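Trainee: Could we walk through this model together, one question at a time? I would like to see the reasoning behind each answer.

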Amino acid sequence: MLGQNAQLETQAGLAAFVSNHGSDATPYVRLIAEDFSVLSGADIADIAHFICVLHGRHPGVVDNAAAKTADDAARDWLLEATGGFAAERAFLTKLTVAAGPISGVSGDDQSNAAVLGQRKALDMLSQSDRAGCAIGAAIALVVDWHLIRNILEQIALRIGVEARSSILPSINASSDLKARLAETPALERALNFGAEQLLNQHRGLWQLLEARRKMRLSC
């Protein structure tokens, strides 16, 4: 179970933890990393659309975490992260429009409903009253987003959208913040829980996207 491994993997660093349990841990993302050209126009539309459904609305995970976190150590990071993610939402919207509409992969396509369910789960997570949970999710989102951003930039290049540089906090700054916030075992557990749950949703999203691609290929 992921929760049982969190303490051990945190010792190896947040970046390694996110790499092992976030987007990069999914076969679809590894396939894209190996050969981006395998993506069809429909695949690209799916990626842009569903990531936008999950993270393109305001307030999002980082905004909710900022409202829930009073720790002085997190103030500067949250200011940078909220501003950075506002720019990412605008970028996502441009990509989604340029990529075009998605198409159903079956007569009873429940993909949108599934991702809306994920978004609701993230809303609840990032509004949790458990100290450390919301900011743990936000930190994991920012770290995993650096990988997701690489894919989005390749999509932008393919479909002719300008991709300005991300202004989100760096992976190192995010890792440093998590280490500073983990003052007690209870806070560390809450930070790890928030991170784990966020990454669970990201893996689920990529699994859904891969399933949609495979269904199209089988038709």
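Trainee: Let's start with Asp123: is Asp123 buried or exposed?
Mentor: Happy to start there, and keep in mind that this is a predicted model. Asp123 has a relative accessible area of 17%, and the cut-off for buried is under 20%. Asp123 is therefore buried.

Trainee: Which residues is Asp123 in contact with, leaving aside its neighbours within four places in sequence?
Mentor: First place the residue: Asp123 is found in helix H7. With the neighbours within four places in sequence left aside, the contacts of Asp123 are Arg57 and Asn64.

Trainee: Where is Pro59, and what kind of peptide bond joins His58 and Pro59?
Mentor: Pro59 sits in the loop between helix H4 (41–55) and helix H5 (61–68). For the bond that joins His58 and Pro59, omega is about 0°. The peptide bond is cis.

Trainee: Moving into H5, which residues does Ala65 touch, not counting those up to four places away in sequence?
Mentor: Ala65 is in helix H5, and at 0% relative accessibility Ala65 counts as buried. The C-alpha atoms of Ala65 and Gly136 are separated by 8.6 Å, although the two are 71 residues apart along the chain. Not counting residues up to four places away in sequence, Ala65 touches Leu78, Ser126, Ala134, Ile135 and Ala138.

Trainee: How are H4 and H10 oriented to each other: roughly parallel or roughly antiparallel?
Mentor: Two packed helices are described by the angle between their axes and the distance between the axes. H4 and helix H10 (residues 185–218) have axes 10 Å apart and pack at an angle of about 150°. Angles over 145 degrees count as roughly antiparallel. H4 and H10 are therefore roughly antiparallel.

Trainee: How many nonpolar, polar and charged residues are in the contact of H4 with H10?
Mentor: From H4, the residues are Ala42, Asp43, Asp46, Ile47, Phe50, Ile51, Leu54 and His55, and they meet Leu198, His202, Leu205, Trp206, Leu209, Arg212, Arg213 and Arg216 in H10. By class, the contact of H4 with H10 has nine nonpolar, two polar and five charged residues.

Trainee: Which residues are linked in a network of salt bridges?
Mentor: Side chains of opposite charge can pair when their charged atoms come close. A search of the whole structure finds 13 salt bridges. The residues linked in a network are Asp43, Asp46, Asp109, Arg212, Arg213 and Arg216.

Trainee: How many residues apart in sequence are the parts that Glu88 and Arg149 tie together?
Mentor: Glu88 and Arg149 form a salt bridge, with their closest N and O atoms 2.7 Å apart. Glu88 is in helix H6 (residues 75–99) and Arg149 in helix H8, so the pair ties together parts of the sequence. Glu88 is buried at a relative accessible area of 1%, and Arg149 counts as buried at 4%. The parts they tie together are 61 residues apart.

Trainee: And what is the distance between the closest N and O atoms of Lys68 and Asp129?
Mentor: This pair links distant parts of the chain, with Lys68 in helix H5 and Asp129 in the loop between helix H7 (111–126) and helix H8 (133–159). Lys68 is partly exposed, with a relative accessible area of 40%, while Asp129 counts as exposed at 68%. Lys68 and Asp129 form a salt bridge whose closest N and O atoms are separated by 2.5 Å.

Technical notes:
Residues numbered from 1 in each chain as written. Predicted model: local features only at pLDDT ≥ 70, side-chain atom pairs only at ≥ 80, totals over all residues. Heavy atoms only, no water. Helix = DSSP H or I, 4+ residues; strand = E, 2+ residues; numbered from the N terminus. Axes fitted to C-alpha atoms, helices over the stretch in contact; angles between N-to-C directions. Parallel < 35°, antiparallel > 145°, perpendicular 65-115°, else oblique. Contact = heavy atoms within 4.5 Å. Nonpolar A, V, L, I, M, F, W, Y, C, P; charged D, E, K, R; others polar. Salt bridge = Lys/Arg side-chain N within 4 Å of Asp/Glu carboxyl O. Buried < 20%, exposed > 50% of the residue type's maximum accessible area, 1.4 Å probe, protein only.
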